[in-house]
Amino acid sequence: MKLIIAEKPSLAKAVAKVLGVISDNTKKHGYLMCNDQYAVTWVYGHIIELVKPDVYDPKYKSFKMENLPIIPEIWKYQPKPSSKEQYNNIKELLKQATLVINCGDPDREGQLLIDELLIDFGNKKPEKRLLILDPKDSAIRKAINSMEDNSKYRTWYETGLLRIQSDWLIGHNFTPACTIIGKKLGIDGIISAGRVQTPTLKLIYDRDMAIKNYKPLNYYNLIATFKTAASQNFTA
């Protein structure tokens, strides 16, 4: 059986339609069986996630400056509670597969979503990459007939992985550090920091302060009258 893992249910259904659905096992087992021995399943974004610091060591439950920085030597994952059922469905399907096909979106995030799952399962079976750039049936069929080895897109996975690890490192180190410092300055509550969140909030803050501190100033337009060589006058 060839197992296609799509990034989302809508993409899975589009691919299954082209292959020809012969049985719908969506409700019980989260996949569609198609002609030519293809099974098409899907994820819902990241169905596994990096564990929180206290999973590595219970001491990280409390914010203490002496515990920082927190840098895992080996990154650990766990299924998201809301996705546990589909996680188990894919795990069972993978046992029956002879070929696994990554059908994430054609970008680093799409590559990461499926690859991280295959790595978590310890997959040793051959892997292909199905890049769908156009949702039309003819384009999907062409993409299926021109699949390449998934290993060719390893760098896409690695750049996506770097992003989620940097998110984790910044969030779980700067948040406790800022909270501890804030407490010393009399600020109650958690001061959340994030790789995207913090600079975005700073942009909003700067704009808000610019509006608040705006002072109207007089300005003048200079208008002159010019005369051409042909004694024609014009203003500018």
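Helices and strands here are DSSP runs, numbered from the N terminus, with at least four residues for a helix and at least two for a strand. With that naming in hand, Y153 is found in the loop between β9 and α7. Please keep in mind as we go along that this is a predicted model.

Let's stay with Y153 for a moment. Its relative accessibility is 10%, so Y153 counts as buried, the cut-off for that being under 20%. Leaving out residues up to four places away in sequence, Y153 touches Q111, R129, L131 and E148. L112 makes a useful landmark here too: Y153 and L112 are separated by 41 residues in sequence, and their C-alpha atoms are 9.9 Å apart in space.

From this loop we can step into helix α7, which covers residues 154–184. Q165 lies in this helix, and with a relative accessibility of 16% Q165 counts as buried. Setting aside the neighbours within four places in sequence, Q165 is in contact with L50 and W75. I181 also has its place in helix α7, but here the relative accessibility is 46%, so I181 counts as partly exposed. On the surface, I181 joins M65, L185 and I187 in a nonpolar patch. Together these four residues have about 390 Å² of accessible area.

Now let's turn to the strands. Strand β3 spans residues 31–34, and it is a good place to look at side-chain directions. In a regular strand the side chains alternate between the two faces of the sheet. In β3, Y31 and M33 point one way, while L32 and C34 point the other way. What do these four residues share: are they buried or exposed? Both pairs are buried.

Strand β3 has partners to look at as well. Strand β2, residues 21–25, pairs with β3 in the antiparallel sense over 4 bridges. Within this pairing, S23 has M33 as its bridge partner in β3. Strand β4, residues 38–42, also runs antiparallel to β3, and 4 bridges join them. Here Y31 stands opposite T41 in β4. The hairpin of β3 and β4 has 3 residues between the strands, and D36 in this hairpin takes a positive phi near 60 degrees.

C34 in β3 raises a question a bench biochemist may well ask: how many disulfides does a search of the whole structure find? The count is 0. A disulfide is a covalent bond between the sulfur atoms of two cysteines. The closest cysteine sulfur to that of C34 is in C103, and because the two are 12 Å apart, they are too far for a bond. The cut-off for a disulfide is sulfur atoms within 2.5 Å. Seen from the other end, the sulfur of C103 has that of C34 as its closest cysteine sulfur, again at 12 Å. Both cysteines are covered: C34 is buried with a relative accessible area of 1%, and C103 is buried with a relative accessible area of 0%.

Charged side chains give another way to follow the chain. The structure holds 10 salt bridges. In one of them, the side chains of D105 and K8 meet at 3.0 Å, N to O. This pair links distant parts of the chain, 97 residues apart: D105 is in the loop between β7 (99–103) and α5 (108–121), and K8 is in the loop between β1 (2–6) and α1 (9–19). D105 has 21% relative accessibility, so it counts as partly exposed, and K8, at 30%, counts as partly exposed too.

Another salt bridge is made by the side chains of K128 and D149, at 3.1 Å, N to O. K128 sits in strand β8 (residues 127–129) and D149 in strand β9 (residues 148–149), so the pair links parts of the chain 21 residues apart. K128 is partly exposed, with a relative accessible area of 26%, and D149 counts as partly exposed at 42% relative accessibility.

Our last stop brings us back to helix α7. D167 forms a salt bridge with R195, and their closest N and O atoms are 2.4 Å apart. Because D167 lies in helix α7 and R195 in the loop between α7 and α8 (197–212), the pair ties together parts that are 28 residues apart in sequence. D167 counts as partly exposed at 26% relative accessibility, and R195 is partly exposed with a relative accessible area of 33%. The linkage takes in further residues: E109, R163, D167 and R195 are joined in a network of salt bridges.

Key. Residues numbered from 1 in each chain as written. Predicted model: local features only at pLDDT ≥ 70, side-chain atom pairs only at ≥ 80, totals over all residues. Heavy atoms only, no water. Buried < 20%, exposed > 50% of the residue type's maximum accessible area, 1.4 Å probe, protein only. Pairing = 2+ DSSP bridges. Contact = heavy atoms within 4.5 Å. Patch = residues over 30% accessible without salt bridge, like charges linked within 9 Å, V, L, I, M, F, W, Y side chains within 5 Å. Areas by Shrake-Rupley, 256 points an atom, 1.4 Å probe, with all protein chains shown as cover.
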